[in-house]
Amino acid sequence: MIVRVRIVHAIFKKEMTDTLRDRRTLVFMLLVPIAAIPLLLMALSSLMTSQIAKEMERVSEVVVQGLEYLPDTLRSELIGSDDLTVVSETQYRAENPTANSDITEDLRLGGFDVLMVVPKAFDRAIEIESPTEIELFYDEAEMKSEFAVSKIKTVLDPYRERIIQARLDQRDISGDIIRPFEIVSENVASMQKVAGEKLGAMLPYLIIIMCFMGAMYPAIDLAAGEKERGTLETLLVSPATRGEFVVGKYLVILTTGITAAILSMGSLTFSLNYMLEDIVGKMNVGRMLAIEFDTSTVILILMIVLPLAGIFAAILLSVSIFARSFKEAQSYITGIYMVLILPAFVSFLPGIEMSYRMALIPIVNVSLIIKDAISGQVEWNYVITAFVSTIVLAALTLVAARKWFERESVLFRM
Amino acid sequence: MIIAKDLCKTFKDKKRGTVRAVDNVSFECKNGEVFGLLGPNGAGKTTTLRLLSTSLKPTSGTATICGTDAKTQPEKVRSLIGFLSGNTGLYGRLTAREMVAYFGKLYSMTKPEIDKRIDILFTMLDMHDFADGRNDKLSSGMKQKVSIARSVIHDPPVMIFDEPTTGLDVMSSRTIVKFIRQCRDAGKCVIFSTHIMSEAMRLCDRVAIIHNGRIFADSTPTDLLAQTGTDNLEDAFIKIVGE
């Protein structure tokens with residue numbers, strides 16, 4: 001059957017006009033892709049900030065082995081600190097009779113925040129200027145434990161400085177001699193780094209989902225909507241062929257899906273370049289997130305998303321024309337959406353690496369390629385494999401949709 | 001001119017098995033004539049009309065529209081017919097003008113042709129006042145006029161009306177009835193289906209009684225009454241189908 005360009009153009013133009021006047025479509029095609037990512041970032045950062053602030057304010061619990069060996073001044077400074085509760089190991093055991101015989105096990109289980117181990121005769125070692133050490137045991141996986149260490153250091157560090165100064169003074173040496181220059185460093189809280197990595201994993205998922213959602217409402221309206229309004233039959237008795245309707249409608253759905261994907265990418269680029277920098281501060285955001293987001297990356301992502309949008313458009317159109325009503329189409333498509341989330345989610349899983357087998361699995365391949373592309377690890381053999389397999393699948397689904405539109409049992413399923 | 005010859009259409013139904021919706025239906029409808037298919041719901045009226053309009057393909061038999069076979073040249077047949085039913089809807093977000101022009105394009109008409117034809121139709125149907133407002137803002141009578149204009153944008157020689165007045169209010173159905181008469185007077189071949197006996201009596205030059213997919217009688221309304229010795233089509237119908 002022939003497909004006349006002039007007729008397809010007329011169908012495309014009419015459906016596009018119709019679609020662009022539909023508020024619901026506009027929301028999912030334009031508003032959600034533009035607004036979702038900045039809002040998500042804003043929510044994430046405010047959550048992070050408040051979480052950090054909360055942990056900072058908390059009084060940390062410190063258990064000290066050999067509290068009696070600390071010099072009196074240091075001991076009273078530690079105990080007197082507002083940020084810390086300091087107890088000796090004996091005292092801790094008295095309060096917690098069930099405590100493990102290995103006290104670090106209790107630390108691991110979160111019984112307290114930091115274990116401080118003071119060697120025997122520590123105060124004596126300081127006095128006679130013999131080298132010694134204080135050990136701090138903490139749990140890096142726990143933010144509160146890390147914060148406790150830094151709080152202890154704010155007491156220990158000035159104390160050590162004072163001893164150094166005293167010893168230098170005794171020998172009539174200027175303090176500057178041991179400080180040829182200062183190192184100013186800022187702590188990058190690990191929370192932010194983790195959040196950054198999560199965000200990087202989220203992007204492929206977001207782009208795929210946005211593309212689907214952008215195409216969803218036009219698809220429902222363009223096929224199931226025709227049945228519901230009773231306009232389908234008027235189309236079927238017009239001389240335009242079934243194929244022309246499929247192609248015209250397919251192109252509209254494809255366009256809205258792609259538009260949503262492009263907008264979400266644009267919003268993403270903007271957010272990462274401007275918003276995140278404001279939130280996180282002066283750090284090198286790109287490096288921290290391990291994200292590379294330049295023009296060639298964007299083009300690569302669009303190239304791989306385009307055939308995926310084609311698959312979505314064909315499937316959505318086929319499901320929608322099968323449905324008796326708008327509502328029925330909506331519930332089918334919600335089901336498809338649920339199934340779709342799983343393969344798109346693969347970018348969140350740290351263990352899954354690109355391989356030829358992965359490059360052949362629909363959606364999974366696109367998700368992984370976007371993930372690799374934004375971290376700057378493009379491997380062309382996989383990209384080409386995924387691209388070709390996605391295009392082949394897109395073509396097959398379009399042909400299937402076309403056949404589907406020929407069936408009386410589908411068109412007149414009322 | 002419509003010639004239906006031995007039309008059959010069977011459907012497969014999960015519960016009822018194979019259903020013969022249309023069973024050996026034959027009739028002729030000439031130009032300048034209104035031919036009515038009269039029967040209750042589920043009699044096979046809509047299916048018969050869909051076979052004529054090519055939206056369904058017959059299981060067997062032929063339908064010929066102005067000498068063109070519906071099975072072998074469906075696209076050509078579609079350009080010869082205009083189709084309107086009581087529940088054909090409009091695109092709510094388009095204007096009347098946009099909608100009618102869209103169908104003009106589907107019928108491969110050129111832009112000047114479409115503009116000229118729209119002007120004629122909108123004048124005839126008195127539609128100029130609401131031609132550029134969105135369809136979903138229109139009253140039901142106005143909507144019906146848009147549907148009419150849509151169905152005849154390509155000035156077809158054959159008109160098919162499937163239960164055109166079903167679900168319409170008095171004013172809207174008067175508009176339709178008037179339009180059907182205009183079509184006949186313009187020399188078009190008009191076929192329409194209805195389950196309303198009085199409507200058939202009023203409008204049809206010839207009536208075919210259809211029931212369970214089969215045609216039981218085919219003649220003028222007055223002849224039908226004379227044959228059955230009744231004074232209204234309702235009684236005639238009951239007598240003819242024998243229930």
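In this predicted model, B:Ala4 has B:Ala63 of β4(B) as its bridge partner. That pair belongs to the antiparallel match between strand β1 (residues 2-13) of chain B and strand β4 (residues 60-65) of chain B, which are joined by five bridges. Both strands are part of an open sheet of four strands, with the order β2-β1-β4-β5 (chain B) and antiparallel pairing. Because β2 (17-29) and β5 (68-69) of chain B each have a single partner strand, they stand at the edges, and one side of each is left without a neighbour in the sheet. Helix α1 (residues 45-52) of chain B lies across β1, β2 and β4 of chain B, and runs at about 120 degrees to β1(B).

Chain B also holds an open sheet of six strands, in the order β6-β7-β8-β3-β9-β10, with mixed pairing. Here the edges are taken by β6 and β10 (214-219) of chain B; each has a single partner strand, so one side of each is left without a neighbour in the sheet. On average, and with direction ignored, neighbouring strands of this six-stranded sheet are turned by 15 degrees against each other. The partner of β6(B) is strand β7 (residues 158-162) of chain B, to which five bridges join β6(B) in a parallel run. Within that pairing, B:Phe83 is matched with B:Ile160 of β7(B). Helix α6 (residues 170-185) of chain B lies across β3 (33-38), β7 and β8 (189-194) of chain B, running at about 150 degrees to β8(B).

The two helices that lie across strands are set side by side below.

| Helix | Strands crossed | Angle and reference strand |
|---|---|---|
| α1(B), residues 45-52 | β1, β2 and β4 of chain B | about 120 degrees to β1(B) |
| α6(B), residues 170-185 | β3, β7 and β8 of chain B | about 150 degrees to β8(B) |

The strand β6(B), at an edge of the six-stranded sheet, also takes part in the contact between the chains. This contact takes 23 residues from chain B and 19 residues from chain A. On the side of chain B that touches chain A, the elements giving two or more residues are α2 (74-80), β6 (81-85) and α3 (96-106) of chain B. Of these, α3(B) gives the most, with four residues. By residue class, the chain B side divides into nine nonpolar, nine polar and five charged residues.

Chain A has 17 helices and four strands. A compact globule of 414 residues would have a radius of gyration near 22 Å, whereas chain A has 32 Å. Along the principal axes, the C-alpha atoms of chain A fill a box of roughly 105 × 50 × 40 Å. Of its 414 residues, 37% count as buried. Among contacts in chain A between residues at least 6 apart in sequence, 80% join residues at least 24 apart.

The largest nonpolar core has 150 residues, and A:Ile207, A:Cys211 and A:Leu316 touch the most other members. Helix α8 (residues 190-229) of chain A gives the most to this core, with 17 residues. Leaving aside neighbours within four places in sequence, A:Ile207 is in contact with A:Ala261, A:Ser264, A:Met265, A:Ile301, A:Val305 and A:Ile370. Apart from the largest core lies another, of 18 residues, including A:Leu70, A:Phe112, A:Phe147 and A:Ile152.

Note on methods. Residues numbered from 1 in each chain as written. Chains lettered and ligands numbered in written order. Predicted model: local features only at pLDDT ≥ 70, side-chain atom pairs only at ≥ 80, totals over all residues. Contact = placed C-beta atoms within 7 Å. Nonpolar A, V, L, I, M, F, W, Y, C, P; charged D, E, K, R; others polar. Rg over C-alpha atoms; globule rule 2.2 N^0.38 Å. Buried ≥ 20, exposed ≤ 12 C-beta atoms within 10 Å, placed from the backbone. Pairing = 2+ DSSP bridges. Axes fitted to C-alpha atoms, helices over the stretch in contact; angles between N-to-C directions. Core = buried A, V, L, I, M, F, W, Y, C linked by C-beta atoms within 7 Å.
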